[in-house]
Amino acid sequence: MTITGAWRRTAQGAGLLGADGTISASIFAEMTALAMRTGAINLGQGFPDEDGPTVVLEAAREAIANGVNQYPPGRGMPVLLEAIARHQQRFYGLTVDPATEVLVTAGATEALSATLLALLEPGDEVVTFEPFYDAYGGLIALAGGVHRTVRLRSPDFQPDLDELAAAVTDRTRIILINNPHNPTGTVFSRETLEQIVALAHKHDALIVTDEVYEHLTFGVAHLPVATLPGARERTVTISSGGKTFSTTGWKIGWLSAPAAIVTAILAVKQFLTYVNGAPFQPAMAVGLDLPDTYYTGIADDLQAKRDLLAGGLTAAGFTLTAPRGSYFIVADAAALGHPDAAEFCRSLPDLAGVVGIPITAFCLPEHKPEYASLVRFAFCKRVDVLEEAASRLARL
Ligand SMILES: *Cc1c(COP(=O)(O)O)cnc(C)c1O
(Lines give C-alpha, C1' and ligand atoms only; values in the text may rest on other atoms or scores of the structure.)
Protein backbone atom coordinates (compact mmCIF):
# COMPACT_ATOMS: atom_id res chain seq x y z
CA MET A 1 0.00 0.00 0.00
CA THR A 2 1.30 3.42 -0.87
CA ILE A 3 0.87 5.80 1.97
CA THR A 4 0.40 9.30 0.65
CA GLY A 5 -1.66 12.47 0.92
CA ALA A 6 -2.66 15.35 -1.26
CA TRP A 7 -0.02 17.66 0.17
CA ARG A 8 2.85 15.33 -0.69
CA ARG A 9 3.38 16.52 -4.28
CA THR A 10 3.64 20.17 -3.27
CA ALA A 11 5.86 19.29 -0.35
CA GLN A 12 8.20 17.28 -2.58
CA GLY A 13 8.31 20.15 -5.04
CA ALA A 14 9.32 22.46 -2.21
CA GLY A 15 12.08 20.07 -1.12
CA LEU A 16 10.33 19.34 2.18
CA LEU A 17 10.07 15.63 1.58
CA GLY A 18 12.45 13.17 -0.04
CA ALA A 19 11.51 11.43 -3.30
CA ASP A 20 10.35 8.44 -1.22
CA GLY A 21 8.02 10.69 0.75
CA THR A 22 9.99 10.55 3.98
CA ILE A 23 10.70 13.62 6.05
CA SER A 24 14.40 14.40 5.98
CA ALA A 25 15.75 14.48 9.55
CA SER A 26 15.54 18.12 10.50
CA ILE A 27 18.71 20.05 11.15
CA PHE A 28 17.11 21.25 14.42
CA ALA A 29 16.76 17.68 15.71
CA GLU A 30 20.27 16.85 14.49
CA MET A 31 21.86 19.86 16.21
CA THR A 32 19.93 19.34 19.45
CA ALA A 33 21.05 15.69 19.53
CA LEU A 34 24.60 16.84 18.82
CA ALA A 35 24.47 19.30 21.72
CA MET A 36 23.22 16.58 24.06
CA ARG A 37 25.85 14.08 22.93
CA THR A 38 28.77 16.50 23.23
CA GLY A 39 27.64 18.65 26.16
CA ALA A 40 27.85 21.72 23.91
CA ILE A 41 25.81 24.82 24.76
CA ASN A 42 22.67 24.68 22.61
CA LEU A 43 22.15 28.05 20.96
CA GLY A 44 20.32 26.29 18.16
CA GLN A 45 16.69 26.17 19.26
CA GLY A 46 14.88 29.37 20.20
CA PHE A 47 13.31 28.68 23.55
CA PRO A 48 14.12 30.49 26.82
CA ASP A 49 15.87 28.58 29.62
CA GLU A 50 14.20 30.60 32.39
CA ASP A 51 10.58 30.76 33.52
CA GLY A 52 8.35 33.71 32.72
CA PRO A 53 6.53 35.92 35.23
CA THR A 54 5.45 34.16 38.43
CA VAL A 55 1.97 35.73 38.41
CA VAL A 56 1.32 34.17 35.01
CA LEU A 57 2.51 30.73 36.13
CA GLU A 58 0.48 31.02 39.34
CA ALA A 59 -2.64 31.99 37.40
CA ALA A 60 -2.41 28.75 35.41
CA ARG A 61 -1.98 26.66 38.59
CA GLU A 62 -4.93 28.44 40.13
CA ALA A 63 -7.08 27.84 37.05
CA ILE A 64 -6.35 24.11 37.22
CA ALA A 65 -7.14 24.06 40.95
CA ASN A 66 -10.39 25.93 40.27
CA GLY A 67 -11.63 23.46 37.69
CA VAL A 68 -10.85 25.30 34.45
CA ASN A 69 -10.09 21.96 32.83
CA GLN A 70 -12.75 21.36 30.17
CA TYR A 71 -13.17 22.57 26.58
CA PRO A 72 -13.19 26.37 26.45
CA PRO A 73 -15.39 28.20 23.87
CA GLY A 74 -14.34 27.77 20.21
CA ARG A 75 -13.14 31.34 19.76
CA GLY A 76 -11.34 31.36 23.12
CA MET A 77 -12.29 32.30 26.67
CA PRO A 78 -13.85 35.77 26.92
CA VAL A 79 -11.33 36.78 29.61
CA LEU A 80 -8.50 36.21 27.12
CA LEU A 81 -10.32 37.63 24.07
CA GLU A 82 -10.91 40.82 26.05
CA ALA A 83 -7.31 40.97 27.27
CA ILE A 84 -6.07 40.62 23.66
CA ALA A 85 -8.36 43.46 22.58
CA ARG A 86 -7.10 45.65 25.47
CA HIS A 87 -3.50 44.83 24.52
CA GLN A 88 -4.02 45.87 20.88
CA GLN A 89 -5.57 49.13 22.09
CA ARG A 90 -2.95 49.87 24.74
CA PHE A 91 0.14 49.25 22.62
CA TYR A 92 -1.02 50.11 19.11
CA GLY A 93 -4.25 52.11 19.35
CA LEU A 94 -6.06 49.35 17.44
CA THR A 95 -9.70 48.87 18.43
CA VAL A 96 -10.76 45.26 17.86
CA ASP A 97 -14.06 43.67 18.88
CA PRO A 98 -13.19 40.76 21.20
CA ALA A 99 -16.40 38.92 20.28
CA THR A 100 -15.94 38.91 16.49
CA GLU A 101 -12.44 40.10 15.50
CA VAL A 102 -10.21 37.94 17.73
CA LEU A 103 -9.52 34.19 17.77
CA VAL A 104 -7.45 32.19 20.28
CA THR A 105 -5.39 29.41 18.68
CA ALA A 106 -2.99 26.59 19.59
CA GLY A 107 0.04 28.86 19.32
CA ALA A 108 0.90 31.15 16.46
CA THR A 109 1.47 27.94 14.50
CA GLU A 110 -2.21 27.02 14.44
CA ALA A 111 -3.14 30.62 13.70
CA LEU A 112 -0.87 30.41 10.65
CA SER A 113 -2.05 26.99 9.50
CA ALA A 114 -5.77 27.70 9.94
CA THR A 115 -5.33 31.05 8.14
CA LEU A 116 -3.53 29.54 5.15
CA LEU A 117 -5.98 26.61 4.92
CA ALA A 118 -8.95 28.98 5.14
CA LEU A 119 -7.77 31.58 2.64
CA LEU A 120 -5.82 29.74 -0.07
CA GLU A 121 -7.18 28.06 -3.19
CA PRO A 122 -4.93 25.32 -4.62
CA GLY A 123 -2.21 26.98 -6.70
CA ASP A 124 -2.54 30.43 -5.09
CA GLU A 125 0.79 32.07 -4.47
CA VAL A 126 2.08 33.10 -1.07
CA VAL A 127 4.95 35.59 -0.97
CA THR A 128 7.33 35.53 2.01
CA PHE A 129 10.75 36.89 2.67
CA GLU A 130 13.64 34.41 2.61
CA PRO A 131 15.20 33.11 4.82
CA PHE A 132 11.79 32.27 6.37
CA TYR A 133 10.59 30.69 9.60
CA ASP A 134 10.85 27.01 8.68
CA ALA A 135 7.17 26.16 9.32
CA TYR A 136 6.04 28.51 6.53
CA GLY A 137 7.24 26.23 3.75
CA GLY A 138 5.43 23.22 5.18
CA LEU A 139 2.23 25.09 6.00
CA ILE A 140 1.99 26.66 2.53
CA ALA A 141 2.45 23.20 1.00
CA LEU A 142 -0.20 21.70 3.32
CA ALA A 143 -2.64 24.34 2.13
CA GLY A 144 -1.85 23.62 -1.53
CA GLY A 145 -0.23 27.03 -2.05
CA VAL A 146 2.81 27.96 -4.12
CA HIS A 147 5.64 29.60 -2.19
CA ARG A 148 7.40 32.63 -3.74
CA THR A 149 10.15 34.43 -1.87
CA VAL A 150 11.91 37.77 -1.78
CA ARG A 151 15.48 37.42 -0.60
CA LEU A 152 16.88 39.28 2.39
CA ARG A 153 20.63 39.65 2.13
CA SER A 154 23.33 40.20 4.72
CA PRO A 155 24.52 42.40 6.29
CA ASP A 156 21.25 44.18 7.16
CA PHE A 157 18.67 41.77 5.65
CA GLN A 158 16.35 44.53 4.42
CA PRO A 159 14.46 43.67 1.22
CA ASP A 160 15.01 45.33 -2.13
CA LEU A 161 11.67 47.05 -2.75
CA ASP A 162 11.85 46.49 -6.50
CA GLU A 163 12.29 42.75 -5.97
CA LEU A 164 9.35 42.83 -3.57
CA ALA A 165 7.19 44.60 -6.16
CA ALA A 166 8.18 42.06 -8.80
CA ALA A 167 7.33 39.07 -6.58
CA VAL A 168 3.75 40.17 -5.87
CA THR A 169 1.41 39.63 -8.84
CA ASP A 170 -2.26 38.96 -9.48
CA ARG A 171 -1.50 35.31 -8.68
CA THR A 172 -0.55 36.32 -5.12
CA ARG A 173 -3.28 35.57 -2.62
CA ILE A 174 -1.28 36.22 0.57
CA ILE A 175 1.76 38.28 1.49
CA LEU A 176 3.02 36.52 4.63
CA ILE A 177 5.41 38.58 6.69
CA ASN A 178 7.17 37.99 9.98
CA ASN A 179 8.16 41.15 11.82
CA PRO A 180 10.42 41.22 13.86
CA HIS A 181 11.95 38.55 11.70
CA ASN A 182 13.13 35.07 12.60
CA PRO A 183 15.86 34.02 11.69
CA THR A 184 17.55 37.33 10.78
CA GLY A 185 16.50 39.62 13.66
CA THR A 186 15.51 42.29 11.15
CA VAL A 187 12.77 44.82 11.90
CA PHE A 188 11.18 46.02 8.68
CA SER A 189 11.00 49.74 8.02
CA ARG A 190 7.77 51.70 7.72
CA GLU A 191 8.61 52.17 4.04
CA THR A 192 8.77 48.41 3.48
CA LEU A 193 5.50 47.83 5.33
CA GLU A 194 3.80 50.62 3.37
CA GLN A 195 5.00 49.04 0.15
CA ILE A 196 3.50 45.69 1.24
CA VAL A 197 0.15 47.38 1.89
CA ALA A 198 0.28 49.16 -1.48
CA LEU A 199 1.09 45.88 -3.29
CA ALA A 200 -1.70 44.06 -1.46
CA HIS A 201 -4.14 46.71 -2.70
CA LYS A 202 -2.80 46.70 -6.22
CA HIS A 203 -3.06 42.91 -6.58
CA ASP A 204 -6.00 42.34 -4.24
CA ALA A 205 -3.94 40.18 -1.88
CA LEU A 206 -4.33 39.61 1.85
CA ILE A 207 -1.59 40.33 4.38
CA VAL A 208 -0.83 37.79 7.08
CA THR A 209 1.63 39.09 9.64
CA ASP A 210 3.38 36.95 12.25
CA GLU A 211 4.36 39.30 15.07
CA VAL A 212 5.31 36.84 17.83
CA TYR A 213 8.38 38.97 18.66
CA GLU A 214 6.34 42.19 18.87
CA HIS A 215 7.65 42.98 22.38
CA LEU A 216 11.23 41.94 21.73
CA THR A 217 12.71 44.86 19.81
CA PHE A 218 15.85 46.76 20.69
CA GLY A 219 15.74 50.55 20.52
CA VAL A 220 13.06 50.54 17.84
CA ALA A 221 9.29 50.52 18.31
CA HIS A 222 7.28 47.65 16.85
CA LEU A 223 4.99 48.84 14.07
CA PRO A 224 2.09 46.43 13.39
CA VAL A 225 1.23 46.48 9.70
CA ALA A 226 -2.48 46.62 10.64
CA THR A 227 -1.97 50.19 11.94
CA LEU A 228 -1.00 51.50 8.49
CA PRO A 229 -3.64 53.27 6.38
CA GLY A 230 -5.58 50.83 4.20
CA ALA A 231 -4.09 47.73 5.84
CA ARG A 232 -6.56 46.69 8.45
CA GLU A 233 -9.39 45.46 6.26
CA ARG A 234 -7.09 42.96 4.53
CA THR A 235 -4.72 41.98 7.34
CA VAL A 236 -4.60 38.99 9.70
CA THR A 237 -2.36 39.82 12.68
CA ILE A 238 -0.92 36.81 14.50
CA SER A 239 0.87 36.63 17.82
CA SER A 240 1.46 34.27 20.71
CA GLY A 241 2.25 34.29 24.42
CA GLY A 242 5.13 31.84 23.99
CA LYS A 243 7.90 34.34 23.32
CA THR A 244 6.49 37.29 25.31
CA PHE A 245 5.95 35.31 28.52
CA SER A 246 8.61 32.60 28.10
CA THR A 247 5.90 29.93 27.91
CA THR A 248 6.65 28.35 24.54
CA GLY A 249 5.28 24.99 25.74
CA TRP A 250 1.82 26.37 26.50
CA LYS A 251 0.95 27.02 22.86
CA ILE A 252 -1.49 29.84 23.41
CA GLY A 253 -1.60 32.08 20.35
CA TRP A 254 -4.17 34.39 18.80
CA LEU A 255 -5.06 36.39 15.74
CA SER A 256 -7.09 39.47 14.98
CA ALA A 257 -8.67 40.34 11.65
CA PRO A 258 -11.93 41.69 10.23
CA ALA A 259 -14.91 39.64 11.48
CA ALA A 260 -15.62 37.89 8.15
CA ILE A 261 -12.01 36.70 7.88
CA VAL A 262 -12.01 35.50 11.50
CA THR A 263 -15.19 33.52 10.80
CA ALA A 264 -13.59 31.86 7.77
CA ILE A 265 -10.50 30.93 9.81
CA LEU A 266 -12.64 29.68 12.72
CA ALA A 267 -14.39 27.29 10.33
CA VAL A 268 -11.02 25.58 9.70
CA LYS A 269 -9.74 25.88 13.25
CA GLN A 270 -12.73 23.97 14.63
CA PHE A 271 -11.57 20.92 12.66
CA LEU A 272 -7.87 21.27 13.56
CA THR A 273 -7.62 21.51 17.34
CA TYR A 274 -11.15 22.90 17.98
CA VAL A 275 -9.79 24.44 21.21
CA ASN A 276 -6.76 24.12 23.49
CA GLY A 277 -5.16 25.06 26.78
CA ALA A 278 -8.17 26.02 28.94
CA PRO A 279 -6.22 26.78 32.15
CA PHE A 280 -3.51 28.63 30.24
CA GLN A 281 -5.97 31.04 28.65
CA PRO A 282 -6.83 33.04 31.80
CA ALA A 283 -3.10 32.96 32.70
CA MET A 284 -2.23 34.56 29.34
CA ALA A 285 -4.85 37.21 30.07
CA VAL A 286 -3.00 38.02 33.31
CA GLY A 287 0.22 38.33 31.31
CA LEU A 288 -1.29 40.62 28.67
CA ASP A 289 -2.49 42.96 31.41
CA LEU A 290 0.95 43.24 33.06
CA PRO A 291 2.17 46.84 33.35
CA ASP A 292 4.34 48.50 30.69
CA THR A 293 7.40 48.00 32.91
CA TYR A 294 7.15 44.23 32.33
CA TYR A 295 7.30 44.74 28.59
CA THR A 296 10.14 47.26 28.62
CA GLY A 297 11.93 44.99 31.11
CA ILE A 298 11.91 41.91 28.86
CA ALA A 299 13.14 43.94 25.88
CA ASP A 300 15.97 45.55 27.90
CA ASP A 301 16.94 42.22 29.37
CA LEU A 302 17.07 40.55 25.97
CA GLN A 303 18.97 43.47 24.45
CA ALA A 304 21.70 43.01 27.09
CA LYS A 305 21.84 39.31 26.17
CA ARG A 306 22.07 40.18 22.49
CA ASP A 307 25.00 42.47 23.24
CA LEU A 308 26.71 39.79 25.30
CA LEU A 309 26.49 37.16 22.56
CA ALA A 310 27.22 39.65 19.75
CA GLY A 311 30.37 40.69 21.63
CA GLY A 312 31.49 37.07 21.96
CA LEU A 313 30.84 36.29 18.31
CA THR A 314 32.62 39.43 17.11
CA ALA A 315 35.62 38.71 19.35
CA ALA A 316 35.72 35.19 17.89
CA GLY A 317 36.01 36.64 14.38
CA PHE A 318 32.47 36.31 13.00
CA THR A 319 31.01 39.22 11.07
CA LEU A 320 27.47 40.18 12.00
CA THR A 321 24.91 42.96 12.13
CA ALA A 322 23.30 43.37 15.55
CA PRO A 323 19.66 42.29 15.25
CA ARG A 324 16.97 44.83 16.11
CA GLY A 325 14.46 42.27 17.33
CA SER A 326 13.70 38.56 17.99
CA TYR A 327 15.73 35.93 19.83
CA PHE A 328 18.39 35.52 17.12
CA ILE A 329 21.70 36.75 15.71
CA VAL A 330 22.95 35.74 12.27
CA ALA A 331 26.74 35.47 12.13
CA ASP A 332 28.88 34.93 9.05
CA ALA A 333 31.50 32.20 9.49
CA ALA A 334 33.22 33.00 6.17
CA ALA A 335 35.52 35.52 7.85
CA LEU A 336 36.70 32.68 10.11
CA GLY A 337 37.57 30.56 7.08
CA HIS A 338 34.39 28.45 7.15
CA PRO A 339 32.41 28.97 3.95
CA ASP A 340 30.05 26.03 4.60
CA ALA A 341 27.94 26.75 7.70
CA ALA A 342 26.23 23.33 7.70
CA GLU A 343 29.61 21.61 7.94
CA PHE A 344 30.85 24.27 10.35
CA CYS A 345 27.80 23.77 12.64
CA ARG A 346 28.48 20.03 12.73
CA SER A 347 32.04 20.66 13.90
CA LEU A 348 31.32 23.63 16.19
CA PRO A 349 30.70 21.46 19.28
CA ASP A 350 34.25 20.08 18.88
CA LEU A 351 35.77 23.41 17.93
CA ALA A 352 34.10 25.52 20.60
CA GLY A 353 31.46 23.57 22.57
CA VAL A 354 28.58 25.57 21.10
CA VAL A 355 25.71 24.67 18.75
CA GLY A 356 24.06 26.94 16.15
CA ILE A 357 21.82 26.39 13.12
CA PRO A 358 22.92 27.01 9.52
CA ILE A 359 20.69 29.62 7.87
CA THR A 360 20.24 27.28 4.92
CA ALA A 361 17.67 25.50 7.13
CA PHE A 362 15.42 28.51 6.46
CA CYS A 363 15.90 28.65 2.69
CA LEU A 364 14.47 27.08 -0.47
CA PRO A 365 16.78 24.35 -1.84
CA GLU A 366 17.73 26.44 -4.90
CA HIS A 367 18.77 29.43 -2.77
CA LYS A 368 20.82 27.65 -0.13
CA PRO A 369 24.17 28.46 -1.81
CA GLU A 370 23.51 32.20 -1.34
CA TYR A 371 23.33 31.74 2.42
CA ALA A 372 25.96 29.03 2.77
CA SER A 373 28.23 30.64 5.38
CA LEU A 374 25.61 32.04 7.77
CA VAL A 375 24.76 30.64 11.20
CA ARG A 376 21.82 31.50 13.48
CA PHE A 377 22.51 31.68 17.21
CA ALA A 378 19.78 32.12 19.86
CA PHE A 379 20.47 34.52 22.74
CA CYS A 380 17.26 33.87 24.75
CA LYS A 381 19.37 32.06 27.36
CA ARG A 382 20.57 32.80 30.91
CA VAL A 383 23.39 35.35 31.22
CA ASP A 384 25.78 32.78 32.70
CA VAL A 385 25.08 30.44 29.76
CA LEU A 386 25.76 33.22 27.25
CA GLU A 387 28.94 34.25 29.11
CA GLU A 388 30.18 30.68 28.97
CA ALA A 389 29.26 30.45 25.26
CA ALA A 390 31.10 33.72 24.55
CA SER A 391 34.23 32.52 26.33
CA ARG A 392 34.13 29.17 24.54
CA LEU A 393 33.70 30.89 21.16
CA ALA A 394 36.83 32.92 21.91
CA ARG A 395 38.77 29.63 21.33
CA LEU A 396 37.98 29.80 17.62
C1 LIG B 1 8.25 30.64 17.69
C2 LIG B 1 7.63 31.15 16.43
C3 LIG B 1 6.32 30.77 16.06
C4 LIG B 1 5.55 29.71 16.78
O5 LIG B 1 4.80 30.21 17.80
P6 LIG B 1 3.93 29.20 18.70
O7 LIG B 1 3.10 30.12 19.50
O8 LIG B 1 4.89 28.40 19.52
O9 LIG B 1 3.15 28.33 17.79
C10 LIG B 1 5.77 31.34 14.93
N11 LIG B 1 6.46 32.22 14.19
C12 LIG B 1 7.72 32.57 14.50
C13 LIG B 1 8.44 33.53 13.63
C14 LIG B 1 8.35 32.03 15.62
O15 LIG B 1 9.62 32.36 15.88
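Select Glu343 and Asp350 in this predicted model: both residues are exposed and belong to helix α13, on the side away from its buried residues.

Next, select those buried residues of α13, namely Ala341, Ala342, Phe344, Cys345, Leu348, Pro349 and Ala352. Looking down the axis of α13, one finds that they fall within an arc of 150°, so they line one face of the helix. The general geometry agrees: an α-helix has 3.6 residues a turn, so residues three or four places apart point the same way.

With that face still selected, display what packs against the buried residues of α13: the helices α2 (27-38) and α14 (383-393), together with the strands β11 (354-355), β12 (357-358) and β13 (374-378).

Now show the whole of α13, residues 341-352. The end C-alpha atoms of this twelve-residue helix are only 14 Å apart, whereas a straight helix would reach 16 Å at 1.5 Å a residue.

Inspect the two ends of α13 in turn. At the start, select Asp340: one of its side-chain oxygens comes to within 3.0 Å of the backbone nitrogen of Ala342. Gly353 follows the helix, and its phi is positive, near 70°.

Finally, move to the second largest pocket, which has a volume of about 480 Å³. Centre the view on Gly46, Tyr133, Tyr213, Lys243 and Thr248, which lie nearest the pocket centre among its 23 lining residues. Then colour α5 (107-119) and α9 (241-244), the elements that give two or more residues to this lining. Of the elements, α5 gives the most to the lining of the second largest pocket, with four residues.

Conventions
Residues numbered from 1 in each chain as written. Predicted model: local features only at pLDDT ≥ 70, side-chain atom pairs only at ≥ 80, totals over all residues. Heavy atoms only, no water. Expected span 1.5 Å × (residues − 1). Buried < 20%, exposed > 50% of the residue type's maximum accessible area, 1.4 Å probe, protein only. Arc of directions from axis to C-beta. Contact = heavy atoms within 4.5 Å. Polar contact = N/O pair within 3.5 Å; in protein donor to acceptor, adjacent residues only side chain to side chain. 1 Å grid on protein atoms, 1.4 Å probe; cavity = no way out; pocket = protein on both sides within 12 Å on 5 of 7 lines; lining within 4 Å. Points joined across faces, edges and corners; volume = space filled by probe spheres on them.
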